[in-house]
Amino acid sequence: MSTVEAKKYEKALPEMNPVTKPFWDHCKSHELYIQFCENCSAWIWYPKAWCPSCGKRASIKWMKLSGRGKIYSYTIIRQVIDNSPAFQADLPFLIGLIELEEGPRIYSNVAAKEVNIGDAVEVYFEDVTPEITLPKFKKQS
Ligand SMILES: [Zn+2]
């Protein structure tokens, strides 16, 4: 047992439920998985109990993605509305809409001060608590 106590993570954490738990479990293993509907070939993001395109449940599978993609759009957060001290310390920070190379688009932090539309990015994982690992992105090296 470690004698060093982990620094408390003070930012908002995602709430896990039976539908989202597989996503977070894969993140904990530093792998990016997103749901895919084998009935209608739709990517499903965020995790859902049924396919929003065709309505089927049994056709949803978790698919492993490469974690590579490009900046589809982004915004730079310069102020935190609730003045959360934990996020305040990160200002300014960048939130990107990442188009993954397999097709789905997800929002995430991008570890960069500036980006351009189309910049190549790749996922990395930040273990923030013993239960939660957050997928974040950085420019491809
Ligand atoms: Zn479907």
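This is a short tour of one sheet and several salt bridges in a predicted model.

**Stop 1: the sheet**

Select residues 33-37, which make up strand β1. Now add β2 (43-44) and β3 (60-64). These 3 strands form an open sheet. Which order do the strands take? The order is β2-β1-β3, and the pairing is antiparallel. The strands β2 and β3 are the edge strands, each pairing on one side only.

Strands of a sheet pair through backbone hydrogen bonds. Zoom in on β1 and β2, which pair over 2 bridges. Pick Gln-35, then look across to β2: its bridge partner there is Ile-44.

**Stop 2: from the sheet to a loop**

Stay with β3 and select Lys-64. Show its side chain together with the side chain of Glu-31. The two meet in a salt bridge, 3.2 Å from N to O. Glu-31 sits in the loop between α1 and β1. The partners are 33 residues apart, so this pair links distant parts of the chain. Is each partner buried, partly exposed or exposed? Lys-64 counts as exposed because its relative accessibility is 51%, and the cut-off for exposed is over 50%. Glu-31, at 24%, counts as partly exposed.

Side chains of opposite charge can pair when their charged atoms come close. A search of the whole structure finds 8 salt bridges. The next stops visit others.

**Stop 3: a link across the chain**

Select Lys-11 and Asp-90. Their side chains meet in a salt bridge of 2.4 Å, N to O. Where does each residue lie? Lys-11 is in the segment before α1 (21-28). Asp-90 is in the loop between α2 (85-88) and β5 (93-100). The two are 79 residues apart. Lys-11 has 18% relative accessibility and counts as buried, because buried means under 20%. Asp-90, at 32%, counts as partly exposed.

**Stop 4: strand to strand**

Move on to Glu-126 and Lys-136. Their side chains form a salt bridge, 3.0 Å from N to O. Glu-126 lies in strand β7 (residues 120-127), and Lys-136 lies in strand β8 (residues 133-139). The pair therefore ties together parts that are 10 residues apart in sequence. Color both by accessibility. Lys-136 counts as buried at 10%, whereas Glu-126 is partly exposed at 29%.

**Stop 5: a network**

Finish with a group. Which residues join Glu-99 in a network of salt bridges? Select Lys-70 and Arg-105: both are linked with Glu-99 in that network.

Conventions
Residues numbered from 1 in each chain as written. Predicted model: local features only at pLDDT ≥ 70, side-chain atom pairs only at ≥ 80, totals over all residues. Heavy atoms only, no water. Pairing = 2+ DSSP bridges. Helix = DSSP H or I, 4+ residues; strand = E, 2+ residues; numbered from the N terminus. Salt bridge = Lys/Arg side-chain N within 4 Å of Asp/Glu carboxyl O. Buried < 20%, exposed > 50% of the residue type's maximum accessible area, 1.4 Å probe, protein only.
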